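Student: Could we go through this structure together, one question at a time?

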Amino acid sequence: EEMETDFTSNSPSIPTNNVSSSLSDSPNTSTMIPTPIRAHAFIAIGKLCLKSRNLTKEFVPLFARELSNERNTPNSIRNNILIIFGDLCTKFTSQLTQYIPNMAACLHDDEPIIRRHTLLLLTHLLQRSYIRLRPSLFYRFAAVLADPITELRDHADYVLSDVFLVKLPKLYLNNFLQTIFVLTGVSDHKDDEFGGTAPSSTELEMEEEPSSTTTTSFSTPINDLSQFYNNSIKRRIVYSRLLKSMTNEHKLELMSKLCRDVLGQVPNGTITLKDDNKVEKQENMLRDLFWILGCSDIKVGGLGRSNALGRAEAAAADDNEVIAAVQQAKGHILSKLSQKHVLQIMIPELVRLKNDLELMHSPLLSDLMVYFTNLYTNGRSVRDIVKITFPDISSEIEYDIKKFNEKLQNENDIIDQR
């Protein structure tokens, strides 16, 4: 095993303050050091840190600060810092754990090369088990599914769906709801920082034991996902790709969780839409829920998943008629269960929510009516069963849908006249 050299005790002291100011290109320095020299200096200091735990403790906060200083630190330097962090994670893992958020924030950097390098680096560290897929890292990886570059989207999809979802079958189910909260800004995920808090029920399966608490000397970036707060298109791309890799059983369980833990809490008053500071984010969150419940990717009954396990199941069904018949029967049963779930849980909760939204004169009412319209239009059997099971509710819904469609038609006619 390679011996660790302690430069700070066995050699003349290194003037770390001067080195730090030179590396950071502080305006207080008498001369501005050219960027290429600074970039090589970071690499050199990083190599020295690999030999000394004390030097690592001294310089890692500087590295983290410069990595997060997107406006003033050149990309070549930030790219070199990522290399340094990757090397140090393999040598002094415990000291680097609290700075993983600074690396993960680069997954959504403006510079494509930084995003790509960060994605490959974190993938390497995860697969080698130098770091763990904690909730905050999962949210950021999931957000890469909406990256404008196809290569990065596909790579993130592979890491999550074909690597970790195979090891942890409930990975998406356990974290889907919290992902919605994070991407809409309802939750700033401070409680899920990498410093290591005890896992909650919504966290990753792998975090079964609370890790040791560390003291963070550099603030964790919490705004790197703010670009999603007002971008429903990017959020829905993420939801869609997650849903496509989920099993039918997990989709059914997810629908129950969305209705029970969110939609059912609005009439109860647990979730309010009156806080001026959060109301816009909460409304976006509820709109996303209506969209998820109505999208084709969450429908139960098909062969489902697009990940490695799903492709393996499809291949097995093609080669064996018995397996194909079992999968088809299973899908049919789950489809029936889905209809029963819609009837017994979702419809009453949604009607209660509709009444509350009407009293609040909430703009969310139109989004809810769009979902009801799609449910009644595309699910004729559901509509017929609702008429029998809940005749009063069915008449009320049909009347509201009729009025809602008339209102939309009138608005479209006004637009056409203009």
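Tutor: Let us begin with a term we shall need: a cavity is a set of grid points where a 1.4 Å probe fits but cannot get out, and a volume is the space filled by probe spheres set on the points. Please keep in mind that this is a predicted model.

Student: What is the volume of the second largest cavity?

Tutor: By this rule the model holds 3 cavities of 30 Å³ or more. For the second largest cavity, the space filled by the probe spheres comes to a volume of about 50 Å³.

Student: Which helix gives the most to the lining of the second largest cavity?

Tutor: The lining consists of Ile43, Gly46, Lys47, Leu50, Ile83, Ile84, Asp87 and Leu88. At least two of the lining residues come from each of helix H3 (35-49) and helix H5 (75-91). With 4 residues, the helix that gives the most is H5.

Student: How many residues of that lining are nonpolar?

Tutor: Sorting the lining of the second largest cavity by class, we find 2 charged residues and 1 polar residue. Gly counts as polar under this scheme, and Gly46 is one of the lining residues. The number in the nonpolar class is 5.

Student: Looking at the whole chain, what percentage of its residues reach a pLDDT of 70 or more?

Tutor: The predictor's confidence varies along the chain, and pLDDT stays under 50 over residues 189-203 and also over residues 205-220. The mean pLDDT of the chain is 78, and the share of residues that reach 70 or more is 71%.

How values were computed:
Residues numbered from 1 in each chain as written. Predicted model: local features only at pLDDT ≥ 70, side-chain atom pairs only at ≥ 80, totals over all residues. Heavy atoms only, no water. pLDDT = per-residue confidence, 0-100. Contact = heavy atoms within 4.5 Å. 1 Å grid on protein atoms, 1.4 Å probe; cavity = no way out; pocket = protein on both sides within 12 Å on 5 of 7 lines; lining within 4 Å.
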